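Open the viewer and show the chain as a cartoon. This tour moves from one selection to the next.

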Amino acid sequence: MALEYESLNENVKKCQYAVRGELYLRASELQKEGKKIIFTNVGNPHALGQKPLTFPRQVVALCQAPFLLDHPNVGMLFPADAIARAKHYLSLTSGGLGAYSDSRGLPGVRKEVAEFIQRRDGYPSDPELIFLTDGASKGVMQILNCVIRGERDGILVPVPQYPLYSATISLLGGSLVPYYLDESENWGLDVNNLRQSVAQARSQGISVRAMVIINPGNPTGQCLSEANLREILRFCYSEKLVLLGDEVYQQNIYQDERPFISSKKVLMDMGSPFSKEVQLVSFHTVSKGYWGECGQRGGYFEMTNIPPRVVEEIYKVASIALSPNVSAQIFMGLMVSPPKPGDISYDQFARESKGILESLRRRARIMTDGFNSCKNVVCNFTEGAMYSFPQIRLPPGALQAAKQAGKVPDVFYCLKLLEATGISTVPGSGFGQKEGVFHLRTTILPAEEEMPEIMDSFKKFNDEFMTQYENSFGYSRM
Amino acid sequence: MRRFVIGQAKNLIDQTRRRPPQPHNRNNLSLLSLLHPSSSRFFSDMSSSDSTSSLPVTIDTINPNVLKCEYAVRGEIVNIAQKLQDDLKTNKDAYPFDEIIYCNIGNPQSLGQQAITFFREVLALCSHTALLDRDETHALFSADSIARAWKILDQIPGKATGAYSHSQGIKGLRDAIAAGIEARDGFPADPNDIFMTDGASPGVHMMMQLLISSEKDGILCPIPQYPLYSASIALHGGSLVPYYLDEASGWGLEISELKKQLEDAKSKGITVRALAVINPGNPTGQVLSEKNQRDIVDFCKKEGLVLLADEVYQENVYVPDKKFHSFKKVARSMGYGEKDISLVSFQSISKGYYGECGKRGGYMEVTGFTSDVREQIYKVASVNLCSNISGQILASLVMSPPKPGDESYESYIAEKEGILSSMARRAKTLEEGLKKLEGITCNRAEGAMYLFPCIKLPQKAIAAAEAAKTSLDTFYCKRLLNATGIVVVPGSGFRQVPGTWHFRLTILPQEDKIPAIVNRLTEFHKSFMDEFRN
């Protein structure tokens with residue numbers, strides 16, 4: 001055999017990505033055997049019944065088949081503004097959806113993204129510093145690939161975190177430097193934790209180069225306050241860290257106390273020297289929000305205070321992959337410049353969008369409350385993003401049983417949950433957590449009408465599980 | 001499954017035993033200078049050093065592998081061309097040409113090639129499924145495209161084309177691809193061996209990532225090669241082990257050359273892990289003979305190498321005396337199965353007659369690996385969740401297009417054959433035009449989308465290039481661009497036998513532009529030779 005497991009790149013073997021790991025694979029097996037599975041392992045709204053927004057699909061369909069635009073009856077199937085918009089985006093391409101675009105993405109779409117950022121933040125944005133990517137994940141990988149030179153380069157990552165970060169750092173041979181979010185403070189970020197983590201890493205000879213924030217958080221859902229963002233930016237300034245702002249959930253906000261505010265806006269608000277010196281890369285996507293267009297693979301990153309020669313190198317690496325897919329670039333253009341009041345499609349678009357967001361807000365509440373009504377389960381409210389991350393307080397008997405089964409405790413719990421109810425979640429260990437504290441991540445995406453039944457099913461399983469394992473082994477051997 | 005068990009939070013601090021970070025290797029700057037002469041880079045206000053050197057991310061502190069890697073297809077010459085193109089808008093009279101003609105990149109639809117109608121009909125219907133519920137749709141779309149859209153949607157859970165799919169791609173689409181592979185080769189294909197990717201390139205990157213642990217890991221690559229390979233190897237910190245194709249024998253591949261290079265690498269302490277073969281070749285266009293392919297398969301089996309078969313041009317063969325045979329077919333017809341040879345075959349929707357570059361679709365068929373290795377491939381694929389659905393759909397259409405009897409078959413075949421026969425004509429016309437030029441020899445384009453003429457330039461030109469601190473082929477190509485507006489890629493971007501010079505030109509401009517291109521090339525070359533003749 002030419003390629004043995006032993007001779008594989010160690011970094012590949014070390015990397016883990018639980019979102020599609022053990023639980024998901026087991027759920028898929030059970031599904032094949034005919035069991036009904038509710039996949040709540042990944043933020044994949046359309047897979048759970050959320051409908052795509054009509055307008056963008058109309059526009060992209062026309063772009064896929066431009067010969068439709070010449071057909072006299074096209075107006076019977078498509079509204080005039082979708083037709084106009086399709087023509088607009090096609091004119092931005094050099095040959096339609098089937099031609100490689102500029103490796104950074106179509107200039108016209110990047111301009112629209114810059115205009116969106118300017119409207120959102122009140123500060124100008126340069127299209128030359130915006131790169132479109134095949135999903136935000138690709139952008140994260142590109143930037144980390146630039147920053148990580150070897151195992152002594154450390155990246156500050158929140159714990160719990162979305163495991164794209166841990167997996168990518170592993171693959172690139174770098175070091176993950178964890179900073180713990182405080183569950184008792186609604187997953188708040190304490191700058192003292194940051195300082196401690198950095199100090200510890202440095203004492204081990206690690207050069208801490210970058211800091212990741214996920215705002216709103218994944219899996220934790222917390223929305224950072226402006227004060228928190230300022231602290232973080234000041235911290236990055238004094239510690240010379242490039243800030244990677246994962247803001248893919250910026251449209252998913254379910255409370256009013258802390259609306260989304262971009263890292264870039266706060267940075268610019270802070271003025272000199274911060275606004276001129278803190279290096280920042282901000283990520284966004286068409287996969288989340290109320291669009292949920294995961295399958296398109298569309299995203300972008302915006303660079304702030306990155307030197308021109310580094311931008312050139314990032315461009316060079318992007319050019320090896322030739323270009324991001326053009327359909328998704330059009331989705332991105334549509335997302336950042338959606339129908340406006342007065343447009344033919346506006347009412348329908350607004351209605352669809354509002355419906356999705358309001359339902360998500362309700363589901364966030366239903367799920368949080370549902371978990372909090374369960375025995376030994378404590379759940380912070382989902383302030384934003386798409387997930388619920390309840391803490392599962394496993395009794396010593398359960399820990400014992402897990403050990404005997406050769407499984408990490410939350411994996412053991414989640415497998416039992418899956419087998420009993422068909423609910424496929426991701427164990428908290430996939431995201432990182434404090435030692436001895438267990439969670440699971442589920443999405444708030446199942447259809448609203450199915451939620452009560454799902455929560456009942458969970459509660460029944462959980463309460464029985466807890467009762468069963470509280471009564472076996474009255475002492476802890478941990 | 002045990003390998004997926006996640007450790008506790010403190011284990012997240014990665015204590016890998018990777019080699020320590022390399023200091024920025026100054027020796028590589030000589031290569032860099034070919035592509036980074038200070039006068040013609042992208043940003044005209046580039047400062048010679050980053051003054052804010054206290055910043056964490058500067059040119060001196062980024063991953064040196066990023067600095068090392070190069071990709072000439074979209075490199076320096078193209079940047080100059082883009083600037084010229086912008087300037088042409090306002091300054092038409094300043095130039096001896098009206099337009100920039102991009103012959104640097106295999107991007108057919110950017111040069112006027114039309115997409116296959118049937119494919120786009122299906123894609124449009126899958127993009128906006130509400131169309132399938134409307135009566136009016138039947139007046140605008142062919143019946144079989146509607147039927148195919150329904151078939152595809154039924155294979156997608158919930159008909160949700162906006163959802164992440166299985167990380168290897170939608171199962172039903174992989175079934176169609178596997179069936180297409182079987183129809184092509186006469187040997188079965190397993191849908192579980194298929195990994196769908198955003199274009200073929202990410203698949204190549206994935207394999208490099210798996211195969212390369214350090215610079216001691218080598219990958220045998222053809223010279224000249226499509227620079228995805230050299231760039232990917234550089235990015236992953238491995239070593240490119242070159243094997244030279246023989247220009248004199250139509251870019252033939254000699255096993256003796258493979259053996260020689262393998263031994264040479266071993267003697268330098270390099271463990272060669274894989275052999276990359278591009279068939280039909282890029283930039284060289286040759287189609288391997290079956291005998292050659294059998295020898296290659298045997299070589300890989302004997303030496304324990306993974307065979308990386310880049311077959312993205314499998315539908316682009318222009319000569320009657322050559323035919324494409326997949327390496328999988330060749331291996332299986334030699335009686336070699338899963339246990340005999342590790343083979344990764346790459347296919348893309350970007351080339352062929354479909355030319356759907358911007359959709360980013362493709363797959364790799366992975367055979368001859370143990371299940372624990374396959375799990376790792378799956379795991380790496382899963383970190384990016386999945387490839388884009390629209391590209392997946394197109395890949396399945398490319399591998400199972402309309403058949404005789406289907407309503408769209410006639411128009412499909414007409415479109416396909418129109419494009420392919422035009423490519424063959426353009427290849428011939430350009431080849432003949434180039435061969436007439438003084439000092440230029442050009443192998444025929446048996447396949448792919450390129451011509452790769454060899455230029456023998458006079459001493460005076462060599463001296464001028466040296467004085468300009470640029471390689472001879474880059475010097476020539478820049479002059480060509482400035483005189484004619486035609487954008488090509490210098491041979492050094494693909495590597496070549498040292499002391500030889502080439503450039504790569506695509507055959508893709510529309511047929512009616514080809515005579516003018518030949519004329520301009522001819523005129524330019526004549527005046528260049530007049531200027532530099534000894």
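Contact here means heavy atoms within 4.5 Å. Keep in mind that this is a predicted model.

**Stop 1: the annotated span.** Select residues 82-456 of chain A. The UniProt record, an unreviewed entry, annotates these residues as "domain: Aminotransferase class I/classII large". Helix makes up 44% of the span and strand 15%. Pick the two end C-alpha atoms: they lie 43 Å apart.

**Stop 2: a helix pair.** Now select helix H3 (residues 54-64) and helix H5 (residues 80-92) of chain A. Two packed helices are described by the angle between their axes and the distance between the axes. For H3(A) and H5(A), the axes come within 8 Å and cross at roughly 55°. The two helices are therefore oblique to each other. Their crossing is right-handed.

Show the side chains next. On the H3(A) side, pick Phe55(A), Gln58(A), Val59(A), Leu62(A) and Cys63(A). They meet residues of H5(A), including Asp81(A), Ile83(A), Arg85(A), Tyr89(A) and Leu90(A). Color by class: the contact has 9 nonpolar, 1 polar and 2 charged residues.

**Stop 3: helix H16.** Move to residues 396-405 of chain A, which form helix H16. Which residues are buried here? Gly397(A), Ala398(A), Leu399(A), Gln400(A), Ala401(A) and Ala402(A) are. Next, add helix H17 (409-421) and helix H18 (451-471) of chain A; both are among the elements that cover the buried residues of H16(A).

Finish at Gly406(A), just after H16(A). Check the backbone there: Gly406(A) takes a positive phi of about 70°.

How values were computed: Residues numbered from 1 in each chain as written. Chains lettered and ligands numbered in written order. Predicted model: local features only at pLDDT ≥ 70, side-chain atom pairs only at ≥ 80, totals over all residues. Heavy atoms only, no water. Buried < 20%, exposed > 50% of the residue type's maximum accessible area, 1.4 Å probe, protein only. Helix = DSSP H or I, 4+ residues; strand = E, 2+ residues; numbered from the N terminus. Axes fitted to C-alpha atoms, helices over the stretch in contact; angles between N-to-C directions. Parallel < 35°, antiparallel > 145°, perpendicular 65-115°, else oblique. Left-handed = near helix turned anticlockwise from the far one by under 90°. Nonpolar A, V, L, I, M, F, W, Y, C, P; charged D, E, K, R; others polar. UniProt positions renumbered as here; feature names shortened; annotations may be inferred.
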